[in-house]
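Student: Hi! I'm new to this one and would love a quick tour. Can we open it up and talk it through?
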Amino acid sequence: MGRVAPWARRHGWFLGVLGLGTALRIVTMLGYRPALWFPDSYSYVVTAMRPRPDLVRPAGYSMFLRLFEPLHDFGFVTLAQHVLGLLTGVMIYVAVARRRRPLWAACLASAPVLLDAYQVQLEHLLVSDSLFTFLIVAAVCVALRPLTWRTAVATGLLLAAATLTRTVALPLIAAFGILLLWYGPRAVGNGAGSAGGTGSASGSASGSGSASGRARRGRLPWRVTGVFLAAALVPVAAYGGWFWAAHHRVGIVGSNGVFLYARTMTFADCAVMKPPADLAVLCDDRPPARRPPSQDYVWDPDSPLVRLPGITFLRETDALAGRFAWLAIRSQPLDYVATTLDELARSFAWGRPVYPDPEVYAYYEFPEKTPDPPGRHPAIVGTMFAEQYQRGPIDTRVVEPFAGVMRAYQSVAFLPGVLLLPVLLFPPLAAAVRLARRSAASRGAGSRTAEAWRLAWVVPWAVAGLLLLIPAATTEFDYRYALPAAPLAFLAAALAIRPRSRR
């Protein structure tokens, strides 16, 4: 007890936030039993019960569901997702604290993922985002540790798992490789990711300033980056082989062209594009201002793409949609950039405007009553598999007063998008101010260690920005797509603060 009490006092604020986050999740599980459903949930369950690569979504989350199938209760899935949410908050707090940033900053950085009502609600939905967020944050936290082949392998495997959970992580593998090459020389030999921020004694004794020592440190980032890329790409390639065996197509999904087509329909003008006859069937004569949200061009029966013969995600249909999309981007590059920035700006809106439509928006709110059963045929098929998984009905039971507590909490406790923008801007602005203030006299033998400390924010900041930008550029803005970026943005902001004194 003598050791526990000082530790608990030192981290008391975080323990309070963690306790409140745990209580919120317990109340959610008592109020909505066993889980909340989203349209994507049913296809995940189908893949879990009948393992086969899906054309729209990779099977990572479905295999996560499969782990809990012997328990025959989706409540265990939501319990696991809530635990992942709590662990994500713990990882962020530890990552900030071990780098000697103020503990109040570490506590604030962990608060969005622990206390945001929409984060708690998303963890109770049977969708991949909670697992994805945990994997991405874990990859970032491991990458911030001292650069070794072990951390490179762990980071690569975590990113591979994230890619097979949501394909938006695939570009992050290249981004991490570049960041490792850039950040590595600043971290190697300085212990930039360690708790103390100092190099090892053996490294100092071995004459790290020698030419051979510098050569070894120069080669290490290249070798470690190669190890990272192998660890990240081999599992993805293996999944691609399974996808080829099932569908005779290269890739890990078969819907990239379809979703990019839907994205470009926010601006595509066939009078400007002048498409050939085979692509002209995908045109929409309505002006862009009168067109529906992008998602309707994938799922709505009146979509020019959906009206084509066969299923929407046939190889030929996907290739046709991809050709149309790239023609639109080449023909109207400024319109594409403008609409991408417009979608990106939705991440920083005041409040939470209804988008893309009331039906989808409602799935992110704690409901007042048991949701209606699905009406679409794929969801009906998924319901049958879900009932086999549950071995009984899968209707969500809304239990008061617990459900009412979470509805009331959700109406006031969430991260406004308008606050996310200054959090993202703070690290580069703080770095610019410090760079401007740094004098020539401060550049000494220890400057590389200090530089590595100052640059620790770059990794989570870059990943947060990409997680916001990639959906805006390739599909559309969605509130659940923005949630994984918030914890990383706050982590970057906390790491941009000056370290505490060693004393």
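Tutor: Happy to! Keep in mind that this is a predicted model. Let's begin with the empty space inside. The lining of the largest cavity has 11 nonpolar residues, three polar ones and three charged ones.

Student: How many cavities of 30 Å³ or more does the search find in the whole structure?
Tutor: The search turns up five of them. The largest holds about 190 Å³ of space.

Student: And how do people find empty space like that in general?
Tutor: A probe the size of a water molecule is rolled over the atoms, and that shows where space is left empty.

Student: Which residues lie nearest the centre of the largest cavity?
Tutor: Those are Ser 347, Arg 352, Leu 415, Gly 417 and Ala 482, out of 17 lining residues. Two elements give two or more residues to that lining: α22 (417–437) and α25 (479–482).

Student: Okay, new topic: helices. At what angle do α8 and α26 cross?
Tutor: Helix α8 covers residues 129–143 and helix α26 covers residues 485–495; their axes cross at roughly 25 degrees and come within 9 Å. Angles under 35 degrees count as roughly parallel, so α8 and α26 are roughly parallel to each other. The crossing of α8 past α26 is right-handed.

Student: Which residues meet where α8 and α26 touch?
Tutor: From α8 you have Thr 133, Ile 136, Val 137, Val 140 and Cys 141, and they meet Pro 487, Leu 488 and Leu 491 of α26. That contact has seven nonpolar residues, one polar and no charged.

Student: What about α24 and α26, how do their axes cross?
Tutor: Helix α24 (residues 458–474) crosses α26 at roughly 150 degrees, and the two axes come within 8 Å. That angle makes α24 roughly antiparallel to α26. Their crossing is left-handed.

Student: Which side chains should I click on there?
Tutor: In α24, pick Pro 460, Trp 461, Val 463, Ala 464, Leu 467 and Leu 468. They meet Ala 485, Leu 488, Ala 489, Leu 491, Ala 492 and Leu 495 in α26. The residues of this contact divide into 12 nonpolar, no polar and no charged.

Student: Let's try another pair. How far apart are the axes of α2 and α7?
Tutor: They are 10 Å apart, with helix α2 (residues 12–31) and helix α7 (residues 117–124) packed at an angle of about 45 degrees. That makes α2 oblique to α7. The crossing here is right-handed.

Student: And what kinds of residues make up that contact?
Tutor: Leu 24, Arg 25, Thr 28 and Met 29 in α2 meet Gln 119, Val 120, Glu 123 and His 124 in α7. Among the residues of this contact, three are nonpolar, three polar and two charged.

Student: Last topic: anything unusual in the backbone?
Tutor: As background, most peptide bonds are trans, and most residues other than glycine have a negative phi. Here, the peptide bond from Tyr 355 to Pro 356 is cis, with omega near 0 degrees. Pro 356 sits in the loop between α18 (333–345) and α19 (358–362). The bond from Glu 400 to Pro 401 is also cis, with omega near 5 degrees.

Student: Where is Pro 401?
Tutor: Look in the loop between β2 (397–398) and α21 (402–410).

Student: And which residue has a positive phi although it is not a glycine?
Tutor: That's His 72, with a phi of about 55 degrees. You'll find His 72 in the loop between α4 (60–67) and α5 (74–97).

Note on methods. Residues numbered from 1 in each chain as written. Predicted model: local features only at pLDDT ≥ 70, side-chain atom pairs only at ≥ 80, totals over all residues. Heavy atoms only, no water. 1 Å grid on protein atoms, 1.4 Å probe; cavity = no way out; pocket = protein on both sides within 12 Å on 5 of 7 lines; lining within 4 Å. Points joined across faces, edges and corners; volume = space filled by probe spheres on them. Helix = DSSP H or I, 4+ residues; strand = E, 2+ residues; numbered from the N terminus. Nonpolar A, V, L, I, M, F, W, Y, C, P; charged D, E, K, R; others polar. Axes fitted to C-alpha atoms, helices over the stretch in contact; angles between N-to-C directions. Parallel < 35°, antiparallel > 145°, perpendicular 65-115°, else oblique. Left-handed = near helix turned anticlockwise from the far one by under 90°. Contact = heavy atoms within 4.5 Å.
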